[in-house]
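Me: I've got a protein model open and I'm not sure how to read it. Could you walk me through a few features?

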Amino acid sequence: MGRYVLRRMLQLVPVFIGATFLIYVLVWALPGDPFAAKCGDRPCPDAYITAMRERFNLDDSVFVQYGKYLLGLLQGDFGETFSGIQVSELIANAYPVTLKLALVALVIEAVIGLTAGVVTGLRPGGYLDNLVLVSTLFLIAIPVFVTGFVLQVTLGLRWGIIDPTVSAQADFSELIVPGFVLGSLSMAYVTRLARTSISENRRSDYVRTAVAKGLRPRRVVGVHLLRNSAIPVITFLGVDLGALMGGAIVTEGIFNIRGIGGLVYRSILTKEGATVTGVVVLLVIVYLLMNLLVDVLYAVLDPRIRYD
Amino acid sequence: MRSRRVATWLAVSTTVVVTAGACGGSGDGAGGSGSDRSDATISIYVTEPENPLVPGNSTEAGGGRVLEALFTGLVEYDPRTGEPRNAVAESIETTDSKIYTITLNDGWTFHDGTPVTAKSFADAWNYTAYSPNGQQSASFFTQIQGFDQVNTQDPDGSDGPQQAPQPAAKEMSGLKVIDDRTLEVTLAEPFSVFPTQLGYSAFAPLPEAFFADQAAFEANPIGNGPFRFVSRQPSVNILVERYENYAGAVKPSVRAVEMRVYASSEAAYQDVVAGNLDFMEVIPPSALAGRLFETDLPGRSASETYLGIQTVSFPVYDPRFQNPDLRKAISMAIDREAVNQQIFDGLKPPADGYVAPGVPGRVPNQCGELCTHQPERAKQMFDATGFQGPIELTSNVDAGNQEWMQAVCTTISNALARECNFVPVPAFGEFRTAINAHEMTAIYRSGWVADYPSIENFLNPQYRTGGSSNDGLYSNPAVDATLAQADAAPSVEQGNALYQEAERMALADMPAIPVYFQSVQSGWSERLDNVIVDPFRRLDLFSVTVS
């Protein structure tokens with residue numbers, strides 16, 4: 001196991017370099033000059049553009065620019081935005097918020113999704129099963145921004161239960177509704193996955209054996225059935241956590257959450273190459289680590305799986 | 001009948017007393033009684049500043065909000081009328097509109113305690129104008145004598161391999177510091193609007209601390225305005241608080257202002273409705289539709305025009321658009337009132353000239369029938385030009401311009417019986433790049449928001465040959481000559497008459513079609529009183545009070 005993890009960690013290095021380079025080139029290749037829109041409805045003075053290009057190495061070829069950027073990055077320097085703010089500071093402010101939101105969303109989708117999946121999987125075809133089927137279909141069919149606006153307006157404005165937006169501190173309690181909005185789609189998927197998996201495995205040999213051995217139903221379901229049925233759900237949740245940590249542009253926008261999604265979105269619009277690359281690099285690493293974690297979890301859940 | 005009149009008279013007199021009381025209160029603040037000073041902190045909507053918080057290097061709205069609170073220039077603008085009045089300046093005198101003697105008021109200090117002197121202004125202006133410093137607002141100093149010595153042009157533009165030559169001088173010869181309180185400014189050519197210009201943020205003074213350590217200044221800006229900088233958390237907020245030694249005649253009532261950054265105006269709007277945010281001046285389209293904001297915020301919203309106009313411009317450098325009759329025909333084909341009613345719920349009045357309402361020096365209806373909807377005449381004129389192919393309109397669509405541009409296109413198409421296509425450009429940066437490079441092949445959206453309230457600011461930059469924002473490369477020697485004459489006029493009034501004449505001449509060529517006047521819809525929370533939105537669509541921080 002240790003060697004497997006080490007090997008996977010080493011694989012991160014080329015992926016890291018490749019991903020940063022690709023992102024850097026992509027931002028660089030965006031149409032339009034980053035300073036063309038800086039001065040409103042008039043062109044910026046040439047002297048201003050020249051000075052800014054010099055400061056941000058924009059006159060070099062893209063390879064030299066990338067080299068300089070990577071050199072800084074290795075020394076822990078994420079660069080700065082055009083308004084002179086350290087990118088590391090922006091990330092340090094935004095990332096904890098995104099992390100909290102991702103966790104809240106993940107917990108909501110895992111708890112509600114798994115429960116609904118298990119309950120319906122054990123009694124397929126019943127009234128509850130049909131109800132859950134319809135509600136998951138409903139959730140999947142509605143875009144996130146609709147769920148977001150509807151909850152914001154009804155809970156926040158009409159009933160006054162929550163604040164319509166999240167404060168800068170972004171406490172967990174404030175993030176419940178945004179987390180629900182963000183996790184609602186995945187919650188539906190988790191439910192469907194868990195339901196299928198449970199109802200399939202219910203008919204499998206080892207469950208029949210367990211029941212025949214005279215084990216109590218709680219133990220059959222809780223240990224034997226659930227553990228085996230969790231694998232596809234864990235895979236899905238792992239990938240989803242990676243995606244959630246990449247920030248949620250729409251949900252963050254609706255509830256004014258100062259997370260990483262909005263930061264990337266704004267930086268792309270203003271062609272802030274340093275910010276985009278810095279954030280995305282971090283996301284790539286997080287995503288890779290999440291996948292590694294999921295792979296390790298497989299081995300824990302299923303003793304038949306061995307790495308080494 | 002009689003009793004009703006008495007009632008009216010009483011009502012009027014009560015209003016006067018109330019207003020006078022309010023003014024007196026503010027005036028007392030200067031005397032130090034501070035009876036109407038509150039300890040309240042209000043929160044207002046801003047967007048994240050895109051540039052460092054240096055007055056000469058920031059021209060966009062987000063940073064402008066902050067700088068406006070931190071700095072006070074030689075003159076300031078009346079929040080209701082936009083008329084300039086002296087602030088740091090005690091007097092600005094000239095006999096020939098060329099040499100200005102500016103005397104400063106006593107007692108003004110920067111937030112670090114150092115005095116505001118004539119040198120603070122001269123140093124700041126020289127710094128901004130000096131081209132190796134690469135400041136955004138350098139072009140505002142073109143009128144000052146010696147500008148060409150400190151600001152050199154890159155011979156092949158910023159894209160070319162050549163570098164701009166090192167300027168011969170570091171300071172403009174037209175700026176003379178006579179003593180601590182006297183500054184003499186000599187302009188290259190007479191320019192009657194110069195005193196009005198002085199309220200623009202590029203003309204703000206800078207303390208010595210700026211020149212000592214610029215990075216420290218950017219992290220902690222030091223101004224001389226009514227509010228001083230307290231803290232900033234990027235993409236969260238900027239906090240400023242009342243500067244107790246502010247030397248202005250009127251002092252703000254609120255103790256502090258939190259300028260809160262919102263990623264979207266929709267989220268900010270929900271906060272205003274819920275009472276979590278005190279003021280915002282850009283109510284989002286979702287709340288404008290059907291005038292929803294008026295029911296969401298009963299008695300707590302305002303809609304008014306400000307110093308901005310929306311136009312669509314012709315790339316006059318493109319041979320296809322060089323016939324003025326074609327441009328006029330398209331102007332008359334646009335049904336402005338229909339666009340206003342259908343798209344804007346009647347909130348954005350059709351434009352009847354190049355100058356926005358409320359600008360000193362403006363006269364209404366300069367465009368005449370050229371800006372009215374006359375489909376038959378337009379079609380006749382258009383057919384005579386022999387224009388080939390479909391008409392194309394283009395705009396960036398990242399800031400909600402698609403709907404009205406498409407509507408304009410439809411009305412043109414209906415009137416001229418010619419296909420009209422709207423070509424969207426995803427981002428403003430991409431759109432501006434094509435405009436700056438003079439590579440436009442379609443009629444493009446253009447807009448103008450005044451830097452300072454004067455008819456001059458709507459004309460010189462846009463319609464004069466070589467103007468800083470004359471992107472369509474329109475050129476008419478007669479217009480240039482009239483504008484030059486207006487600049488040199490001995491008084492503002494005489495200048496304005498000439499500017500109006502130049503406006504009519506430019507409109508007769510129609511290098512840009514006026515479409516509508518910009519309007520601002522602002523909303524505020526229940527705690528705010530005395531809300532005035534100034535002509536720059538900013539909340540007047542001096543008059544606002546908290547109940």
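**Reading rings, cores and loops**

Reply: Sure, let's start with two rings. F35(A) is buried, and Y48(A) is buried too. Keep in mind that this is a predicted model.

Me: How do I describe a pair of rings like that?

Reply: In general, you give the distance of the centres and the angle of the planes for a pair of aromatic rings. Here, F35(A) and Y48(A) are edge-to-face, with 6.1 Å centre to centre and 85° between the planes.

Me: Which parts of chain A does the pair of F35(A) and Y48(A) tie together?

Reply: F35(A) is in the loop between helix 1 (2-28) and helix 2 (46-55) of chain A, and Y48(A) is in helix 2 of chain A, so the pair ties together parts that are 13 residues apart in sequence.

Me: What about Y127(B) and F210(B): what are the distance and the angle there?

Reply: That aromatic pair is edge-to-face as well, at 5.0 Å centre to centre and 90° between the planes. It links distant parts of the chain: Y127(B) belongs to helix 3 (residues 118-129) of chain B and F210(B) to helix 6 (residues 208-212) of chain B, 83 residues apart. Y127(B) and F210(B) are both buried.

Me: How many aromatic pairs does a search of the whole structure find?

Reply: There are 30 over all chains. Some join up: ring pairs link Y100(B), F121(B), W125(B), F140(B), F141(B), F194(B), Y200(B) and F203(B) into a cluster. A ring can also have a charge over it. The charged end of K100(A) sits over the ring of F172(A), 5.7 Å from its centre.

Me: Okay, now cores. What's the general idea?

Reply: In soluble globular proteins, nonpolar side chains tend to be buried together. In this model, the largest nonpolar core has 136 residues, and the ones touching the most other members are W125(B), V185(B), F194(B), I391(B) and L393(B). Helix 14 (residues 402-416) of chain B gives the most to this core, with 8 residues. Another core lies apart from it, with 50 residues, including I108(A), A170(A), V233(A) and I260(A).

Me: Pick one core residue for me. What does I391(B) touch?

Reply: Leaving out residues up to four places away in sequence, I391(B) touches I330(B), F382(B), I412(B), L416(B), R418(B), E419(B), C420(B), N421(B) and I443(B).

Me: And loops? Is S264(B) buried or exposed?

Reply: S264(B) is found in the loop between strand 10 (256-261) and helix 8 (265-274) of chain B. Its relative accessibility is 17%, and buried means under 20%, so S264(B) counts as buried.

Me: What does the side chain of S264(B) reach?

Reply: It reaches the backbone oxygen of G253(A) at 3.2 Å and the backbone nitrogen of A267(B) at 3.3 Å. Setting aside neighbours within four places in sequence, S264(B) is in contact with G253(A) and Y45(B).

Me: Last one: which phi value does S97(B) have?

Reply: S97(B) has a positive phi of about 60°, although it isn't a glycine. You'll find S97(B) in the loop between strand 4 (89-94) and strand 5 (99-104) of chain B. At 3% relative accessibility, S97(B) counts as buried. Now try M510(B), another residue other than glycine with a positive phi, this time near 50°. M510(B) lies in the loop between helix 18 (492-509) and strand 16 (512-524) of chain B, and at 0% relative accessibility M510(B) counts as buried.

Methods:
Residues numbered from 1 in each chain as written. Chains lettered and ligands numbered in written order. Predicted model: local features only at pLDDT ≥ 70, side-chain atom pairs only at ≥ 80, totals over all residues. Heavy atoms only, no water. Core = buried A, V, L, I, M, F, W, Y, C linked by side-chain atoms within 4.5 Å. Buried < 20%, exposed > 50% of the residue type's maximum accessible area, 1.4 Å probe, protein only. Helix = DSSP H or I, 4+ residues; strand = E, 2+ residues; numbered from the N terminus. Contact = heavy atoms within 4.5 Å. Polar contact = N/O pair within 3.5 Å; in protein donor to acceptor, adjacent residues only side chain to side chain. Phe/Tyr/Trp six-rings, centres within 6.5 Å; stacked < 30°, edge-to-face > 60°. Lys NZ or Arg CZ within 6 Å of the ring centre and 35° of its normal.
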